[in-house]
Amino acid sequence: MSAKFKFIHHACFTVTKNNETLICDPFLDGNPEGVTYKDLKVNYIFISHAHGDHLGDAFALAKQCDALIITTAEIAYKAEAEGCKAHPMHLGGTYTFPFGKVRVTPAFHGSGIEGGHACGFVIDFYGTKFYFAGDTSIYGDMSMLQELDPFTYAIIPIGGNFTMDPNDAALAAKMLKAKYVIPIHYNTWPIIAQDPIPFKEKVEATTSSKCILVNPGDTLDWE
Ligand code: NI
Ligand code: MN
């Protein structure tokens, strides 16, 4: 059975498989489809860091759905203090959930919470494996991630200013060696305006990955 990927906007997307749904970084403000957390039904909520454009409506959504928040310890403890169910993890940590294994990867970025650290995730969701980079700069150890936990899809930021820009992200794609690369975290606001076409061309010219461009609201049937 294939998984259904839905890009909401910015760095927020859902993956549905086996009648369960996970969401990453549920920031919904300003999404062109007008989706609010009240429209969503999810089982798991992954949070890469606590900047507003990632934490978003996570706590309200978690309470509404009785969903499990999976994130770094500092954000998990805050979530629990807010009355949510949370599973704390941290950089380099792995844990096998009922749906599969999760690895927390480093992300070089602010945490948005005292004492914390930004992160990304490699997630095996019922056999569908993907890397969600969160907000990060390029870093050399990205080259080890595919070997640690193989993944098919790499979802990476290309907006620049706060994260990798398209040039850096194309080099990152070379290290990540995923079958498919999906760029996100661009064109939400003028400060992260980017043309994804040269990125796609560079990735496909310099790596064996295929680049899939998604607009807010698009869905994909994942392998
Ligand atoms: Ni951020
Ligand atoms: Mn961000």
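Donors here are N, O and S atoms within 2.8 Å of the metal. Keep that in mind as you click around, and remember that this is a predicted model.

**Stop 1: the nickel ion**

Select ligand 1, the nickel ion, and show what sits around it. Its protein donors are His 49 (through NE2), His 51 (ND1), His 109 (NE2) and Asp 135 (OD), at 2.2 to 2.4 Å. Along the sequence, these donor residues follow the spacing H-x1-H-x57-H-x25-D. Now pick out His 51 and His 109: this pair links distant parts of the chain, 58 residues apart. His 51 is in the loop between E4 and H1, while His 109 is in the loop between strand E8 (100-106) and strand E9 (119-125).

If you check the angles among the 4 donor atoms, you'll get 88 to 176 degrees, and the site comes out as irregular. Before moving on, colour His 51 by accessibility: it's partly exposed, with a relative accessible area of 29%.

**Stop 2: the manganese ion**

Next, select ligand 2, the manganese ion. Asp 53 (OD), His 54 (NE2), Asp 135 (OD) and His 185 (NE2) coordinate it at 2.2 Å. The sequence spacing of these donors reads D-H-x80-D-x49-H.

Which residue coordinates both the manganese ion and the nickel ion? Click on Asp 135: it coordinates both, and the two ions are 3.2 Å apart. Asp 135 lies in the loop between strand E10 (128-132) and helix H4 (142-148), and His 185 in the loop between strand E12 (180-184) and helix H6 (196-206), so this pair ties together parts that are 50 residues apart in sequence.

Are these two residues buried or exposed? Asp 135 is buried, with a relative accessible area of 2%, and His 185 is buried with a value of 2% as well.

**Stop 3: helix H3**

Leave the metals and select residues 73-81, which make up helix H3. Show side chains for Ala 73, Ile 75, Ala 76 and Ala 79, the buried residues of this helix. Then turn the view to look down the axis of H3: the buried residues fall within an arc of 160 degrees, so they line one face of the helix.

What do the buried residues of H3 pack against? Add these to your selection: strand E4 (44-47), helix H1 (52-55), helix H2 (58-65), strand E5 (68-72) and strand E6 (85-89).

For a last click, go to Gly 83, which follows H3. Its phi is positive, near 95 degrees.

Conventions:
Residues are numbered from 1 along each chain as its sequence is written. Chains are lettered from A and ligands numbered from 1 in the order in which they are written. This is a predicted model: local features need pLDDT of at least 70, side-chain atom pairs count only at pLDDT 80 or more; totals for chains, interfaces and linings use all residues. Side-chain values use heavy atoms; hydrogens and water are left out. Buried means under 20% relative accessible area, exposed over 50%, partly exposed in between (1.4 Å probe, protein chains only). Helices (H or I, at least four residues) and strands (E, at least two) are DSSP runs, numbered from the N terminus. The arc is that of the directions from the helix axis to the C-beta atoms. Contact means heavy atoms within 4.5 Å. Four donors count as tetrahedral if all angles lie between 85 and 135 degrees; four count as square planar and six as octahedral if opposite donors are over 155 degrees apart and all others between 65 and 115; anything else is irregular.
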